[in-house]
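Subject: Structure for you to look through

Hello,

Here is the structure we spoke about. Please open it beside this email and follow along.

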Amino acid sequence: MALFEIRGILPQDVSRYRKLRLDGLRAHPEAFGASWEEEAAQPLAWFAESLERNIIFGGVSAETSELIGIVGFHVPDSAKQRHKGVLWGMYVEPRARGTGLGAALVTRVLQQALGTVEQVRLTVVVTNKVAIRLYERAGFEKYGLERRALKIGEEYHDEVLMAWPP
Ligand SMILES: CC(C)(COP(=O)(O)OP(=O)(O)OC[C@H]1O[C@@H](n2cnc3c(N)ncnc32)[C@H](O)[C@@H]1OP(=O)(O)O)[C@@H](O)C(=O)NCCC(=O)NCCS
């Protein structure tokens, strides 16, 4: 039996979405462009708006119905940029990792992208080997490197730029 189900995050999921998003930002500051300090200060309505502006998929535990993983997909409004979508905000709770949920969330974004955009792009910190391998297995390829993409405190982090299809 499947351990999880993938479905779109609904407006009524906003509290659970906020909690999981903030858990991820706090535990893995280098994995996200956003920071816990900035988003933790935002009210629930701000997260509800984010759900309206983006397509966000969640992994729901088959056993407990808890939200255990999330991934965002954004397509820009701009006419010159809406041919490419962005996969962002990938996070799976530590206890749910290694079960294929991350891979299933990427697959769901790519299904959504087909027929909507020509390419999906993402960025990932160079040291995040697990995530890079996950994206490569899904068909993403590296096309660039952004040095000093993130600055956390006094420390810089380089990011790999990846695209699907390459
Ligand atoms: C990257 C991340 C989303 C992967 O999620 P996941 O649900 O563990 O993904 P999968 O189960 O599909 O695959 C993870 C890989 O780690 C392996 N793995 C095995 N046990 C594991 C464990 N206990 N914990 C983590 N990974 C494990 C899996 O086998 C798989 O690798 P393989 O196919 O080469 O064997 C998750 O580790 C995470 O949320 N990390 C923190 C946030 C982050 O880095 N986000 C990405 C930002 S770009």
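Below is what was found in it, taken one part at a time.

This is a predicted model, in which local features need pLDDT of at least 70 and side-chain atom pairs count only at pLDDT 80 or more, while totals for chains, interfaces and linings use all residues. Residues are numbered from 1 along each chain as its sequence is written, and side-chain values use heavy atoms, with hydrogens and water left out.

Strand S7 and its partners

Helices (H or I, at least four residues) and strands (E, at least two) are DSSP runs, numbered from the N terminus. A residue is called buried under 20% relative accessible area, exposed over 50%, and partly exposed in between (1.4 Å probe, protein chains only).

Strand S7 covers residues 155-164, and seven of its 10 residues are buried, so the rest of the structure largely encloses it. Two strands pair if DSSP finds at least two bridges between them. S7 runs antiparallel to strand S5 (residues 119-125), and six bridges join the two. In this pairing, leucine 122 is opposite methionine 162 of S7. S7 also runs antiparallel to strand S6 (residues 141-152), with eight bridges between them. Glycine 144 has leucine 161 of S7 as its bridge partner, and leucine 150 has histidine 157.

S6 and S7 form a hairpin with two residues between the strands, where glycine 153 has a positive phi near 65 degrees. In the segment after S7 you will find proline 165. The peptide bond that leads to proline 165 from tryptophan 164 is cis, with omega near -15 degrees.

Glutamine 119 in strand S5

Is glutamine 119, which lies in strand S5, buried or exposed? With a relative accessible area of 15%, glutamine 119 is buried. Leaving out residues up to four places away in sequence, glutamine 119 touches His83, Lys84, Gly85, Ala163, Trp164, Pro165 and Pro166; contact here means heavy atoms within 4.5 Å. The side chains of glutamine 119 and arginine 121 make a polar contact at 2.9 Å. A polar contact is a pair of N or O atoms within 3.5 Å; within protein, one must be able to donate a hydrogen and the other to accept it, and residues adjacent in sequence count only if both atoms are side-chain atoms.

Two helices

Helix H1 (residues 14-27) has 14 residues, which at 1.5 Å a residue should span 20 Å, and its end C-alpha atoms are indeed 20 Å apart. The expected span is 1.5 Å times one less than the number of residues. Which residues of H1 are buried? They are Val14, Tyr17, Leu20, Arg21, Leu22, Gly24 and Leu25. Among the elements that cover them are helix H2 (36-40), helix H3 (44-53) and strand S2 (55-61).

Helix H4 (residues 101-113) passes the check too: its 13 residues should span 18 Å, and its end C-alpha atoms are 18 Å apart. The buried residues in H4 are Leu101, Gly102, Leu105, Val106, Val109, Leu110 and Ala113. An α-helix has 3.6 residues a turn, so residues three or four places apart point the same way. After H4 comes glycine 115, with a positive phi near 85 degrees.

The ligand

There are 21 residues around the ligand, and Met90, Val92, Gly98, Gly100 and Asn128 come nearest. A residue counts as near if one of its heavy atoms lies within 4 Å. Polar backbone atoms of glycine 100 and glycine 102 lie 2.8 Å and 2.9 Å, respectively, from an oxygen atom of the ligand. For arginine 137, a polar side-chain atom is 3.0 Å from an oxygen atom of the ligand. On its own the ligand has 920 Å² of accessible area, and the protein covers 72% of that. Such areas come from the Shrake-Rupley method with a 1.4 Å probe; for residues, only the protein chains shown count as cover.

Other residues to look at

Serine 65 sits in the loop between S2 and S3. Its phi is positive, about 65 degrees, although serine 65 is not a glycine. Serine 65 is partly exposed, at 43% relative accessible area. Arginine 148, in strand S6, is another non-glycine residue with a positive phi, near 55 degrees. Arginine 148 is exposed, with a relative accessible area of 55%.

Glutamate 49 is in helix H3 and, at 42% relative accessibility, counts as partly exposed.

Regards
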